[in-house]
Amino acid sequence: MKTKVAVIGCGTIATNQHIPAYMNNKDAEIKYFCDIISERAENAVKKNECGIAVTDYREILEDNEVEAVSICTPNAVHQEISEAFLHAGKHVLCEKPAARTYEEALKMQKAQQESGKILNIGVVNRFNSSVNKIKELIDNGELGDIHHVYISFRSHRSIPGLGGSFTTKAISGGGVLIDWGVHFLDIVMYCCGDPKPLTVSSETFCKLGKKIEDYTYVDMWAGPPVKDGIYDVDDSVTGMVRTSGPVITFNGAWAQNIGENEMYIDFMGDKAGIRLQYGGSFVKYGTKNGMLCETKYQMNEKNMFQQEIDSFLECIRTEKKLSSNIDVNIITSRLMSAIYESAEKHCEIAL
Ligand SMILES: NC(=O)c1ccc[n+]([C@@H]2O[C@H](COP(=O)([O-])OP(=O)(O)OC[C@H]3O[C@@H](n4cnc5c(N)ncnc54)[C@H](O)[C@@H]3O)[C@@H](O)[C@H]2O)c1
């Protein structure tokens, strides 16, 4: 029998990734498309030729046929909707970040524990072949002792939907750190065996998008600038995290006055190092018989969102816990809240 699912929020990530991935899985059937904008839910029904369009997720809670949901709404309602579905006995895949704050993520974890249902977070890079190969190389000791990881998630001039939900702290919980940084920090935690964060020192900046009408950009996803909208989040961030494993340093920017996009992670070990180009290939730098060696790994990459959804559906059947579960994610959530706290107080935070 097919697993009946509902998709909550029919915007960009649902339309481009979650919905096609469920449609491609022969063991899944989408029974509901839900969006507060009725047209979006109705369009999804028409396009996919299945399901029922609804505007209020509460209409789905009582349907015993629905076993699982994908939550693809803005961050502000991740906690509320996840809790509601978990308590209604449904398994949940909630998009990243888990929530706006660590406190909200803790409430989601509590709901998971009380319900005994699955709560996975959309840290989709855990289903990326390059990331998994790096994890394997690290686990096999090929990099030696990893003392430092440097993360760069910097773009020249983007900022998603300036003035809209991504740049309004009350909705998103933060800017480039919570939006992009979450993926990069998660890759590091995953590959390095989830080290325990010890201290955090950071600064965030809300600079380039401040005058919405004057902002000149190269690209802007999530819609055009909202001239009278809100812009109160970090467009860049820098910092350092000491962990029980490597020290992590990072620079992130949705927008910077440097005309380069630099999206990579450097894993620096005493035997070898790796530079991973985010979403792409990686190079391992080492030595052999007194010579410097570089090895390029170009993986035959599968669609990681498809892998994520397939794994979610499979873990519902097998009850096998995925590494993207809330218990693992809560650590990154705590870390990001500490990064914001350190920046706000201009001092180091001990965790
Ligand atoms: N994994 C990734 O790489 C990735 C990429 C993009 C976005 N995301 C995450 O996905 C989420 C959505 O992002 P998006 O870019 O699709 O945003 P979006 O604005 O395009 O879509 C969100 C949709 O949710 C709907 N919505 C809002 N409140 C709702 C509610 N209470 N009930 C039902 N529907 C509601 C909106 O009307 C909208 O259609 C965010 O949390 C974002 O961080 C993840």
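Strand S7, residues 146–154, is joined to strand S11, residues 262–269, by eight bridges, and these two strands run antiparallel. I should state at once that the model under discussion is a predicted one. At one end of this pairing, Ile146 has Gly269 as its bridge partner in S11.

Strand S11 also pairs with strand S12, residues 273–277; here five bridges join the antiparallel strands. Within that pairing, Tyr264 stands opposite Gln277 of S12. What connects the two elements? S11 and S12 form a hairpin, and three residues lie between them.

Let me turn to the ligand. Which residues are closest to it? Of the 23 residues that surround the ligand, the closest are Ile13, Asp35, Arg40, Asn75 and Lys96. Asp35 contributes through its side chain, in which an N or O atom is 2.6 Å from an oxygen atom of the ligand. Lys96 contributes through its backbone: an N or O atom there lies 2.9 Å from a ligand oxygen. Thr73 likewise offers a backbone N or O atom, which lies 3.2 Å from an oxygen atom of the ligand. As for coverage, the ligand on its own has 850 Å² of accessible area, and the protein covers 84% of that.

Two of the residues just named, Thr73 and Lys96, appear again in the surroundings of His78, where each is among the contacts of that histidine. His78 is found in helix H4, which comprises residues 78–87. Is His78 buried or exposed? Its relative accessibility is 0%, and therefore His78 counts as buried. Its side chain reaches two backbone oxygens: that of Thr73 at 2.8 Å, and that of Pro97 at 2.9 Å. Beyond neighbours within four places in sequence, the contacts of His78 also include Ile71, Cys94, Glu95, Ala98 and Met108. Thr73 thus enters both descriptions, with a backbone atom 3.2 Å from a ligand oxygen and a backbone oxygen reached by the side chain of His78.

I close with the cysteines. How many disulfides does the structure hold? The number is zero. For Cys10, the nearest cysteine sulfur belongs to Cys34 and is 7.0 Å away, and Cys10 is in no disulfide. Cys10 counts as buried because its relative accessibility is 5%, under the 20% limit. Cys347, by contrast, is partly exposed, because its relative accessible area of 34% falls between the limits of 20% and 50%.

Technical notes. Residues numbered from 1 in each chain as written. Predicted model: local features only at pLDDT ≥ 70, side-chain atom pairs only at ≥ 80, totals over all residues. Heavy atoms only, no water. Helix = DSSP H or I, 4+ residues; strand = E, 2+ residues; numbered from the N terminus. Buried < 20%, exposed > 50% of the residue type's maximum accessible area, 1.4 Å probe, protein only. Polar contact = N/O pair within 3.5 Å; in protein donor to acceptor, adjacent residues only side chain to side chain. Contact = heavy atoms within 4.5 Å. Disulfide = S-S within 2.5 Å. Near = heavy atom within 4 Å. Areas by Shrake-Rupley, 256 points an atom, 1.4 Å probe, with all protein chains shown as cover. Pairing = 2+ DSSP bridges.
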